[in-house]
Amino acid sequence: LEYAVNTMAARAAQSAVGGPDPCLTRVRPPAYFLLLVAGYEQTHKARGVLADAAWYAQALGRIVVEPAVKDSRIIAPWLHRWRGLSLSHYWTLEPFCVASPTIRLRPFLRYASAMALNRSRVDLHVISKLHKPLQFRGMRTALRTYATASEAVDYVNHAIRVATGTAMPRPPSLLVLHSFKRHRPGDFARIKLDTPARINRRADALVQGSPPFACVQWRTEDSPIHGSVAGSSRCAASLAAATLSRMAPSAPGGIRQVSIVSDIFAGTSDTLSHGAAHAEARRVLLAKLPLSRIQHAFTIINDTGMRGILELQVCARAAVVMTCGMRGLMRKLGVEGPPNETSSTCLECVKSNSGFTRHLIETRSRLQEGAGQGLKAYYW
């Protein structure tokens with residue numbers, strides 16, 4: 001049954017696609033959709049949320065709707081604060097569309113309006129936590145993690161009956177999932193969505209138009225010193241000193257400018273309240289490190305998701321990168337530590353398992369391989 005559902009859905013997608021874009025831009029009624037709103041995860045992990053939801057969509061014979069996004073999170077496209085961005089502003093959607101029938105957001109919104117889909121819409125609210133089996137509000141049990149497609153169909157149909165209080169004569173055209181997380185590891189999680197070409201071009205232009213610079217990447221959220229003024233001051237001073245020590249010998253004439261990619265700045269994270277600790281960290285870094293003019297290109301972006309992706313791509317192209325993460329990961333990715341590795345204290349200052357940090361170093365490694373470069377990355 002699973003194979004049949006997947007094959008039929010893929011054929012339906014192929015027959016409805018117009019032009020070279022593998023993502024759907026039009027469909028013929030009747031069509032059935034699955035839309036995610038109020039996603040739990042942020043920018044990088046949001047790809048996993050969408051990938052996980054695709055398994056359920058295929059089991060149900062539904063087309064995934066490209067999610068609306070704002071400030072790195074999946075949101076409802078009917079909210080007044082939505083700025084018109086969709087997931088393809090953050091990531092290339094095409095590899096996902098090849099693997100699972102997916103319609104781009106704006107064509108879907110036009111179709112939904114023309115067909116009055118709100119008249120055949122059911123909202124299901126997820127109450128289970130991240131990495132836990134899927135469970136909807138009103139349901140006494142959860143769907144087991146490795147359920148079959150037929151089990152998923154039965155479970156969702158039951159949830160629809162519970163949510164509506166009636167047995168619907170036909171499936172709702174639009175199924176809206178609220179607060180969906182990641183509930184089922186599987187093949188879709190391995191689909192790679194890359195940075196859109198327009199963001200890479202913008203990063204290339206910024207770097208090529210600037211003198212050589214060092215990039216300092218510091219994620220403070222959930223770190224041991226988070227919220228501590230004294231700890232933030234100490235860590236900022238240590239980071240600045242380590243950065244300056246790596247800058248001078250790293251390029252002919254030295255590197256004289258720094259770009260800082262960090263959640264200590266406003267406009268970089270919607271999960272942090274920037275208080276005295278962040279103010280102190282900013283004061284110390286800005287007093288000790290000469291900022292590159294590239295920094296201004298970040299501050300004018302009003303979406304934290306778009307800003308974070310551009311920051312990552314620019315940072316990955318820097319002459320020197322200063323970062324920090326779990327020791328095993330740093331060694332695996334070729335990030336060099338201080339001469340006496342036991343003297344490193346940066347793990348006291350950072351979120352050691354940051355997905356952003358890992359993606360930054362992996363991106364930098366790929367860029368270096370392609371260009372045959374040997375640019376350095378360090379932890380302090």
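**A parallel sheet and four disulfides**

Five strands form an open sheet in the order β5-β2-β1-β7-β6, and the pairing is parallel. The model described here is predicted. The edge strands of the sheet are β5 (102-103) and β6 (121-125), and each pairs on one side only. Strands of a sheet pair through backbone hydrogen bonds, either parallel or antiparallel.

At one edge, β5 is joined to strand β2 (residues 63-65) by 2 bridges. These two strands run parallel. In this pairing, V64 stands opposite T102 of β5. Helix α2 (residues 43-59) lies across β1 and β2. The helix runs at about 150 degrees to β1.

At the other edge, β6 pairs with strand β7 (residues 174-178) in the parallel sense. This pairing extends over 5 bridges. Here V122 stands opposite L175 of β7. The side chains of β6 alternate along the strand. V122 and L124 point to one face and are buried. R121, D123 and H125 point to the other face and are not buried.

Strand β7 also holds H178. This residue has a relative accessibility of 15%. Buried means under 20%, so H178 counts as buried. The side chain of H178 makes a polar contact with the side chain of D123, at 2.6 Å. D123 belongs to the face of β6 whose side chains are not buried. Leaving aside neighbours within four places in sequence, H178 is in contact with V37, D123, L124, H125 and V126. Two of these residues, D123 and H125, point to one face of β6, while L124 points to the other.

The next feature is the set of cysteine links. A search of the whole structure finds 4 disulfides. A disulfide is a covalent bond between the sulfur atoms of two cysteines. With the bonded cysteines of the chain numbered in sequence order, the pairing is 1-2, 3-5, 4-8, 6-7. Three of these links, C23 to C97, C215 to C315 and C235 to C349, are described below.

One disulfide joins C23 to C97, with an S to S distance of 2.0 Å. The angle about the S-S bond is 95 degrees, and the link is right-handed. The pair links distant parts of the chain, 74 residues apart. C23 lies in the loop between α1 (2-16) and β1 (33-37), while C97 lies in helix α3 (residues 94-99). C23 has 0% relative accessibility and therefore counts as buried. C97 is also buried, at 5% relative accessibility.

Another disulfide joins C215 to C315, again with an S to S distance of 2.0 Å. This link is left-handed, with -105 degrees about the S-S bond. Here too, distant parts of the chain are linked, 100 residues apart. C215 sits in strand β8 (residues 213-218), and C315 sits in helix α10 (residues 304-316). C215 has a relative accessible area of 1% and is buried. C315 is buried as well, with a relative accessible area of 1%.

The surroundings of C315 can be followed along helix α10. Of the 13 residues of α10, 12 are buried, so the helix is largely enclosed by the rest of the structure. The buried residues include R307, E311 and Q313, along with I309, L310, L312 and V314. C315 is on this list too. The length of the helix can be checked in a simple way. At 1.5 Å a residue, α10 should span 18 Å. The end C-alpha atoms are 18 Å apart, so the span agrees with the expected value. At the start of the helix, a side-chain oxygen of D303 reaches to within 3.0 Å of the backbone nitrogen of G305.

A further disulfide joins C235 to C349, with an S to S distance of 2.0 Å. The link is left-handed, with -80 degrees about the S-S bond. The two cysteines are 114 residues apart and connect distant parts of the chain. C235 is in helix α7 (residues 229-247). C349 is in the loop between α11 (327-332) and α12 (355-371). Both ends of this link are buried: C235 has 1% relative accessibility, and C349 has a relative accessible area of 2%.

Note on methods. Residues numbered from 1 in each chain as written. Predicted model: local features only at pLDDT ≥ 70, side-chain atom pairs only at ≥ 80, totals over all residues. Heavy atoms only, no water. Disulfide = S-S within 2.5 Å. Buried < 20%, exposed > 50% of the residue type's maximum accessible area, 1.4 Å probe, protein only. Pairing = 2+ DSSP bridges. Contact = heavy atoms within 4.5 Å. Axes fitted to C-alpha atoms, helices over the stretch in contact; angles between N-to-C directions. Expected span 1.5 Å × (residues − 1). Polar contact = N/O pair within 3.5 Å; in protein donor to acceptor, adjacent residues only side chain to side chain.
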